[in-house]
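Please walk through this protein with me, one region at a time. Keep the sequence and the model side by side as you read.

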Amino acid sequence: MIGIGVVGYGYWGPNLVRNFMEIPGAKVVSVSDVRGDRLALAQTRFPSISTTTDAQVLIRDPKVDAVVIATPVSSHYDLAMQALDQGKHVLVEKPLTASVVQARNLIEASERRNRVLLVDHTFTYTGAVRKMKELVTSGALGDIYYYDSVRVNLGLFQNDVNVMWDLAVHDLSIMDFVLGSRPVAVSATGISHVPGKPENIAYLTCFFDSPMIAHVHASWLAPVKLRRTLLGGSAKMVLYDDLEPSEKIKVYDKGINVKDDPESIYKMLIQYRTGDMWAPQLDMTEALRFEALHFIKAIEEKRALTSECESGLRVVEILEAATRSIAERGRPIEIKIEGGR
């Protein structure tokens, strides 16, 4: 039985505790939070766990084999590194760290200590996103032309990170998982409407070596909540709406055909194709349960989650470049690809 310690019992912490308490092979033994009222809620729901306001007590607890971190991103690096130094396995809420340098240091530290490190890119464990990955990998969509997502709502305004690091990080992790391609440059614009606070609206564009483009719109200042992604290919197109209760993925046999027949030079070269729409059946198991099982299995098998760690690094690379781009009013920032995909 792998003992789990959860640092942070705010918005996401209760979901993490619940899932690790319910899966086989793991048990939450300790929860840490600086707020006593949050710890009281945790102990009321899970009387068997111990609680502490000091994360160091949890990290040093010999009954804790793995530390799950659900705190503001500014604290991710220090807490994760301290846990690795104590010989613990680590699961970190998105994004992995606040900088590329920190992300690389954590990955190297986990490799040196032979400990599992995983970033909580929860959406990549959903049935909907995995179906999109399957459609892309199988070639069912043809050549991918674009990835276009909108993730907006009213709030919650953050104090330590802008809307890209809070919301767009989800779409970037989905994009990285589904497309299997790394952007070579990023351009972003954004604005803050609250003096002294981070940007609450942002538009981010990723450029690739191939004729493909990706765009993410994130906002804390929208009158409605939207969670939609369009994935366009030469053969078919996909609409992913995470707020749909059942048909989250819809595949459209729509697109264009470009005729390059010299005899058609005086005719319209672009022909529009309209076919059927179908909604594939999806696995509706809670994504966080899949992720928790994946984490525990990796620990049991002493298997490094290299690809997941590299995904966390790639997402931070994009966010860091986007932050620079916003500061320079949208100037494209190149991303150097050092090996890998």
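What follows goes from one helix to its surroundings, then to a cavity, some backbone features and three single residues. The model is predicted.

Start with helix α5. This helix covers residues 100-112, which makes 13 residues. From its first C-alpha to its last it reaches 18 Å. That is close to the 18 Å expected at 1.5 Å a residue.

Which residues of α5 are buried? They are Val100, Ala103, Leu106, Ile107, Ala109 and Ser110. Look at the spacing of these numbers. An α-helix has 3.6 residues a turn, so residues three or four places apart point the same way. The buried residues of α5 have three packing partners to find in the model: α4 (76-85), β6 (117-120) and α9 (306-327).

Now look at the two ends of α5. At the N-terminal end, serine 99 acts as the cap. One of its side-chain oxygens lies 3.1 Å from the backbone nitrogen of glutamine 102. Just after α5 comes asparagine 114, with a positive phi of about 55 degrees. Asparagine 114 sits in the loop between α5 and β6. Is asparagine 114 buried or exposed? It counts as exposed, because its relative accessibility is 62% and the cut-off for exposed is over 50%.

A second positive phi belongs to lysine 302, at near 50 degrees. Like asparagine 114, which has a phi near 55 degrees, lysine 302 is a residue other than glycine. Find lysine 302 in the loop between α8 (287-300) and α9. Lysine 302 is exposed, since its relative accessible area is 77%.

Next come the cis peptide bonds. One runs from lysine 94 to proline 95, with omega near -20 degrees. Proline 95 is in the loop between β5 (89-93) and α5. Another cis bond runs from glycine 155 to leucine 156. Its omega is near -10 degrees. Leucine 156 lies in the loop between β7 (144-154) and α7 (163-179).

Turn to the interior. How many cavities of 30 Å³ or more does a search of the whole structure find? The search finds one. The largest cavity holds about 40 Å³ of space. Its lining is made of Asp176, Ser181, Arg182, Pro183, Arg314, Glu317, Ile318 and Ile335. Helix α9 gives the most to this lining, with three residues. Recall that α9 also packs against the buried residues of α5. By type, the lining has three nonpolar residues, one polar and four charged.

Now take three single residues. Serine 234 lies in the loop between β11 (221-233) and β12 (237-241). Serine 234 counts as partly exposed because its relative accessible area is 24%, and the partly exposed range runs between 20% and 50%. Beyond its neighbours within four places in sequence, serine 234 is in contact with Leu141, Gly142, Asp143, Tyr145 and Arg273. For a sense of scale, take valine 7, which is 227 residues away along the chain. The C-alpha atoms of serine 234 and valine 7 are separated by 45 Å.

Aspartate 241 is in strand β12. Is aspartate 241 buried or exposed? Aspartate 241 is buried, because its relative accessible area is 12% and buried means under 20%. Its side chain makes a polar contact with the side chain of arginine 228, at 3.3 Å. Leaving out residues up to four places away in sequence, aspartate 241 touches Arg227, Arg228 and Lys248.

Finish with lysine 254, in strand β13 (residues 249-258). Lysine 254 counts as partly exposed, since its relative accessibility is 37%. What does lysine 254 touch, not counting residues up to four places away in sequence? Its contacts are Ala235, Lys236, Met237, Arg273, Thr274 and Gly275. Arg273 is also among the contacts of serine 234. Threonine 323 is 69 residues from lysine 254 in sequence. In space the two are 35 Å apart, C-alpha to C-alpha.

Definitions and conventions. Residues numbered from 1 in each chain as written. Predicted model: local features only at pLDDT ≥ 70, side-chain atom pairs only at ≥ 80, totals over all residues. Heavy atoms only, no water. Helix = DSSP H or I, 4+ residues; strand = E, 2+ residues; numbered from the N terminus. Expected span 1.5 Å × (residues − 1). Buried < 20%, exposed > 50% of the residue type's maximum accessible area, 1.4 Å probe, protein only. Contact = heavy atoms within 4.5 Å. Polar contact = N/O pair within 3.5 Å; in protein donor to acceptor, adjacent residues only side chain to side chain. 1 Å grid on protein atoms, 1.4 Å probe; cavity = no way out; pocket = protein on both sides within 12 Å on 5 of 7 lines; lining within 4 Å. Points joined across faces, edges and corners; volume = space filled by probe spheres on them. Nonpolar A, V, L, I, M, F, W, Y, C, P; charged D, E, K, R; others polar.
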